[in-house]
Amino acid sequence: MQPEELLFKEAMDAIKKEDIPLARDLMTRLLKRDRMNPDYWVWMSALVDTVKEREFCLREAHKLDPGNAMAIRGLRLIGEDIDNPNPVPPLDPARLKWKTSLEIEDEQVVPRVTPRRNTSSWAVLALVVIGLGSIVILLVRGPRFRPDTSAILKFSLTPPVTPTVETTPVPLGDGPAPLWTLLEATYTATPIYAATPHKLTGAYQVAMSAYEKQEWARALEYFNQVLYSEPASADIQYHIGEIYRFQGLTDKAMTAFDASIQLDPNFAPAYLGKGRVFLMLSPPKLNKARQSFEKALELDPRQFDVYAELAGVALRSGDADGALAYLAQLPADAPESVQVEIARAQAYLMKGDAEAALESARTANRIDITSLPVYKLLARAYLMTGQLDASFTPLQTYLTWVKGDAEAYSMMATLLLARGEYTEALQFANAALEINKSLHEALLVRGEIYLHNGQMDEAAVDFNTVLREDENSFTAKLGISRIQYARELYDSAREYARAAYGLARTDREKALALYWRALALIELDEMQAAVRDLQTLMSLPEGSLPVELKLDAMKVYQQVITPTPTRTPVPAVITTPAPTKSLPTIPTATPRN
């Protein structure tokens, strides 16, 4: 039997035993192996917890197999008006005979000989009956309560990574993302570090089972039963602290972790829990969190989660080198971790090393294709390396399922501006600024759009808003230079272009600053200085500046070196439009955080 067949059999056995978490994990593995199998999507729709996830699974199944009767029935049960393009035909005589035989068999008392059926046909019939029954029961029960844990690590449908299971990133299309991108966040649950024997074995086992299922109230009840009998159990206090932490009850969580440490000062997981609580406070207590994490690492260097947490603290403090130093201390035999790769990618982005960040983001995506933050990191890294088309797809995937992220809206606005899609870019920039009115990236994009549309006053407001907080913004300085040039304030335009040139970090930025300074110098009748700037611009490496810019610079240069130059209109912004792709929906109301 093939590995995929074994996984499917285990999933069916788990469904029969009503072990939904196990069945869900197994079905997730199957989907990673073959996401084009509509039957897997139908089964997964019966195993997820929310209507949103259930609808997505059924839609994927329906998209792959429009005639799938189970997918159509499931969508109709949740209120979708789905037409069946291939109506189910009447049962053939053989199937009618099966049904009649079964009914007759149930009604008669005297046993009788029934026709021998093909074994595979019985297996198919059994799976259909079980599937329909499971879907109806699970759809009817509706979504279950899931506590809001947005500020902390969340549980995932993804099973733990093992050496025998490999995941391969699936190329993303223009449509909705796969099931695994539906998750709000996909960090793995806090490992259960302590599973020591307890007197109340039954109560302890029930508590741990409820804990793994995120049934917090039930888990807390049984942990307290164990604690009543064994008040000196540091691990029980730790688990109680974790329950409170996952629910966002920071005071109660801290009390439980402190109680755990008081019972056993060498119990490392309690220090990890305390550090995470310190990060949840408003404002977060970074120093205290770092001290707690370092203590946990001192007591148990093989608590691999701690290295990523320490790197996260360093990143919040703006210390990219410190974050990378913590990650470099990871033992060589530590398992692959999406949290570690996310922290590493963020550190490289902070240092401006986009290529290294892209490599780490790709690794994180390979480890866990369900992690939505990774798609955002991929988009940012591609954007910083100038791979605009490559950036669009992961960012679109992220925005399809995550709403209210001002930074992501701003990134999409930047991409659309570069493609020359000004109307759509303005919509995303405004959506970002509704959430964060001082977000520099969005202000710069909107300023560029206003400048392109000839709205000089509006553009000046946005660029100056950025300069008040960041006087070293190249884009804002150059934007003001172009505005002053349009206003025929050529002295001011030259000075702002000169300041922008001093801030330029790439050849492309140098070329832009030299171009606009040369134009201002020409208007000031400083031809020799203008010629020097244009010659420097044209000597830059061939691929470092847009073709349109170089061609226009050459025209201006020829005009300057002739006795009677004739100036040509200068474009306010140079872009290269690209084919339009479908975009995520921008909220019409103010997006939520």
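Where in the structure is the place of Q214? Q214 sits in the loop that links α8 (201–212) to α9 (216–229). We will come back to that loop shortly, but first a look at the whole.

What you see above is a predicted model. The protein is built with 28 helices and zero strands. Of its 593 residues, 49% are buried. If you take the contacts between residues at least 6 apart in sequence, 60% of them join residues at least 24 apart.

Now back to the loops. Most residues other than glycine have a negative phi, and most peptide bonds are trans. With that background, three places in this model invite a closer look. Q214 is one of them: its phi is near 65°, a positive value in a residue other than glycine. Q214 is partly exposed, with a relative accessible area of 24%. Further along the chain, D525 also has a positive phi, of about 65°, although D525 is not a glycine. You will find D525 in the loop between α26 (507–523) and α27 (527–538). D525 counts as exposed because its relative accessibility is 60%, and the cut-off for exposed is over 50%. The third place is a peptide bond: the one from S282 to P283 is cis, with omega near 0°. P283 belongs to the loop between α12 (268–280) and α13.

That loop leads us into α13 (286–299), a good place to see how helices pack here. Two packed helices are described by the angle between their axes and the distance between the axes. For α13 and α14, the axes come within 10 Å and cross at roughly 155°. This angle makes α13 roughly antiparallel to α14, since angles over 145 degrees count that way. The crossing of the two helices is left-handed. On the α13 side, the residues that meet α14 are L286, A289, R290, F293, E294, A296 and L297. Their partners in α14 are V306, Y307, E309, L310, V313 and R316. Sorted by class, this contact of α13 with α14 has nine nonpolar, no polar and four charged residues.

Both of these helices also take part in the surroundings of α15, which spans residues 320–328. Within α15, the residues A320, G322, A323, L324, Y326 and L327 are buried. These buried residues pack against α13 (286–299), α14 (304–316) and α16 (338–351).

A second helix pair makes a useful companion to the one above. Helix α22 (residues 440–452) and helix α24 (residues 474–486) have axes that come within 11 Å and cross at roughly 20°. α22 and α24 are therefore roughly parallel to each other, because the limit for that description is an angle under 35 degrees. Their crossing is left-handed. From α22, the contact uses L444, E448 and L451, while α24 brings T475, A476, G479, R482 and I483. The residues in this contact of α22 with α24 divide into four nonpolar, two polar and two charged.

Let us turn next to the aromatic rings. A pair of aromatic rings is described by the distance of the centres and the angle of the planes. The structure holds twelve aromatic pairs. One of them joins Y211 and W216, an edge-to-face pair with 5.9 Å centre to centre and 75° between the planes. Y211 and W216 are both buried. They belong to one aromatic cluster, formed by Y211, W216, F223 and F246. Another pair is made by Y515 and W516: the ring centres are 5.5 Å apart and the planes stand at 90°, so the pair is edge-to-face. Y515 is buried, with a relative accessible area of 1%. W516 counts as buried too, at 7% relative accessibility.

Finally, where does M44 fit in? M44 is found in helix α3 (residues 38–45). With a relative accessibility of 0%, M44 counts as buried. M44 and F56 are twelve residues apart in sequence, and their C-alpha atoms are 10.0 Å apart in space.

Note on methods
Residues numbered from 1 in each chain as written. Predicted model: local features only at pLDDT ≥ 70, side-chain atom pairs only at ≥ 80, totals over all residues. Heavy atoms only, no water. Buried < 20%, exposed > 50% of the residue type's maximum accessible area, 1.4 Å probe, protein only. Helix = DSSP H or I, 4+ residues; strand = E, 2+ residues; numbered from the N terminus. Contact = heavy atoms within 4.5 Å. Axes fitted to C-alpha atoms, helices over the stretch in contact; angles between N-to-C directions. Parallel < 35°, antiparallel > 145°, perpendicular 65-115°, else oblique. Left-handed = near helix turned anticlockwise from the far one by under 90°. Nonpolar A, V, L, I, M, F, W, Y, C, P; charged D, E, K, R; others polar. Phe/Tyr/Trp six-rings, centres within 6.5 Å; stacked < 30°, edge-to-face > 60°.
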